[in-house]
Amino acid sequence: MLCAPQHSKPASKPAQGGYIMARNAIVTGSTSGIGLGIAKAFAKSGMNVVLNGFGPADEIERTRSELAAETGVTVLYNGADMTKPAEIEALVKDSEAALGSVDVLVNNAGIQYVCAVETFPIDKWDAIIAINMSSNFHAIRAAVPGMKERGWGRIINVASAHGLVASPFKSAYVTAKHGVLGLTKTVALETAQNGITCNAICPGYVWTPLVENQIPDTAKERGISEDEVINTVMLANQPTKQFVSIEQIGETALFLTSDGAANITGTEIRVDGGWTAQ
Ligand code: NAD
């Protein structure tokens, strides 16, 4: 279901002899955190955006309408569940029908579950593989034909430092994120002559509401201070000893949609404060 299109911004960038149409983007998992940051960066640059993800309907509608009012672009919402291939395909098709095209696809929706492999719940494994990895395949599969037809597309998969290195107790997440990097390279090769790029962003620890909300509970659980949670648990692997910001991921994604990034394909950009350089 696509909700309440606002007025459309038909042209964003001057081109030789006239104007080119604004680009249209889908960002999965964009009702909070990194996805919302990417959606905001895109909308501020003049792209029309389809938001996706879960949350209270009134909060999602407020986010959607405020972003549309602030930027003047069309902002839609589609509640497709990333565990359901048919809903993912419909997300792409409905967005194409509503906006005319899907030029930029950001596969960002993700969940986490932390547990030793021998007791890892099977339903959690299945959900993480579906949302964090297979949904990327289903969305790409649906979006590539239109991109090929128009000879232009940008696919950005939000992977993780855990697409490159592992941590204990995150078997499903690390498996899914490594899989996303394999998919990224394969799609890049298949679309290299169609004006399409496919890349991954690999964030380290990003300061999202999800991360922030864990701090008091983790402090209580471990019997340490909130500062110690941040410095000795969360930032142990991050040489900068700083969280990556949502805005920094948004700017990285925006760069990957630019003409300057047209020859960057099949690779990952690490935004991890040096984590994977170690
Ligand atoms: P978040 O929990 O703030 O956002 C996750 C989004 O995914 C939400 O909008 C949520 O509603 C949506 N979502 C969850 N399940 C869904 C489903 N079945 N269908 C549709 N949407 C669904 O998390 P975040 O920290 O912003 O993470 C976003 C992405 O960034 C994830 O892929 C995550 O693995 C990746 N990442 C996050 C960090 C970090 O430190 N926060 C680091 C590396 C990678």
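Student: Which residues is Ser 30 in contact with, leaving aside its neighbours within four places in sequence?
Tutor: This is a predicted model. In it, Ser 30 is found in the loop between β3 (24-27) and α1. Neighbours within four places in sequence are left aside. The contacts of Ser 30 are then Gly 35, Leu 36, Ala 39, Val 50, Leu 51 and Asn 52.

Student: Is Ser 30 buried or exposed?
Tutor: The relative accessible area of Ser 30 is 0%. Buried means under 20%. Ser 30 is therefore buried.

Student: Which residue's backbone oxygen does the side chain of Ser 30 reach?
Tutor: Look at the side chain of Ser 30. The distance to the backbone oxygen is 2.7 Å. That oxygen belongs to Val 27.

Student: How confident is the prediction, as a mean pLDDT of the protein chain?
Tutor: Of the chain's residues, 92% reach a pLDDT of 70 or more. The mean pLDDT of the protein chain is 92.

Student: Where does pLDDT stay under 50?
Tutor: Where pLDDT is low, the predicted coordinates should not be read in detail. One stretch calls for that care, although the model has 32 contacts for it beyond four places in sequence. The stretch is residues 4-19.

Student: How many salt bridges does a search of the whole structure find?
Tutor: Arg 64 and Glu 61 form one, at 2.9 Å from N to O. Lys 84 and Asp 81 also meet in a salt bridge, at 3.3 Å. The search of the whole structure finds 5.

Student: In which helix do Arg 64 and Glu 61 both lie?
Tutor: The two residues are 3 residues apart, about one turn of the helix. Arg 64 counts as buried, at 1% relative accessibility. Glu 61 is partly exposed, at 35%. The helix that holds both is α2 (residues 57-71).

Student: What does Asp 103 form a salt bridge with?
Tutor: The closest N and O atoms of the pair are 3.5 Å apart. Asp 103 lies in the loop between α3 (85-99) and β6 (104-107) and its partner in helix α4 (residues 122-150), so the pair ties together parts 47 residues apart in sequence. Asp 103 counts as buried, at 5% relative accessibility. The partner is Arg 150.

Student: Is Arg 141 buried or exposed?
Tutor: Arg 141 is found in helix α4. Its relative accessibility is 54%. The cut-off for exposed is over 50%, so Arg 141 counts as exposed.

Student: Which residues come nearest to the ligand?
Tutor: There are 29 residues around the ligand. Five of them are named as nearest. They are Thr 31, Ser 32, Asn 108, Tyr 173 and Val 206.

Student: Which residue has a polar side-chain atom 3.0 Å from a nitrogen atom of the ligand?
Tutor: Oxygen atoms of the ligand have polar partners too. One is 2.7 Å from an N or O atom in the side chain of Ser 32. A backbone atom of Gly 29 is 3.3 Å from a ligand oxygen. For the nitrogen atom, the residue is Asp 81.

Student: What share of the ligand's accessible area does the protein cover?
Tutor: On its own, the ligand has 830 Å² of accessible area. The protein covers part of that area. The share covered is 90%.

Student: Which elements give two or more residues to the shell around the ligand?
Tutor: The count is taken element by element. Those that give two or more residues are α1 (33-44), α5 (171-191) and α6 (209-222).

Student: Which residue's backbone oxygen lies 2.7 Å from a polar atom of the side chain of Asn 199?
Tutor: Asn 199 is found in strand β8 (residues 196-203). Asn 199 is buried, with a relative accessible area of 1%. Among the residues it touches are Ile 155, Thr 184 and Leu 256. The backbone oxygen belongs to Ile 264.

Student: Which residues is Gln 112 in contact with, leaving aside its neighbours within four places in sequence?
Tutor: Gln 112 is found in the loop between β6 and α4. Gln 112 is partly exposed, with a relative accessible area of 33%. Its contacts are Ile 128, Lys 170 and Tyr 173.

How values were computed. Residues numbered from 1 in each chain as written. Predicted model: local features only at pLDDT ≥ 70, side-chain atom pairs only at ≥ 80, totals over all residues. Heavy atoms only, no water. pLDDT = per-residue confidence, 0-100. Contact = heavy atoms within 4.5 Å. Salt bridge = Lys/Arg side-chain N within 4 Å of Asp/Glu carboxyl O. Helix = DSSP H or I, 4+ residues; strand = E, 2+ residues; numbered from the N terminus. Buried < 20%, exposed > 50% of the residue type's maximum accessible area, 1.4 Å probe, protein only. Near = heavy atom within 4 Å. Polar contact = N/O pair within 3.5 Å; in protein donor to acceptor, adjacent residues only side chain to side chain. Areas by Shrake-Rupley, 256 points an atom, 1.4 Å probe, with all protein chains shown as cover.
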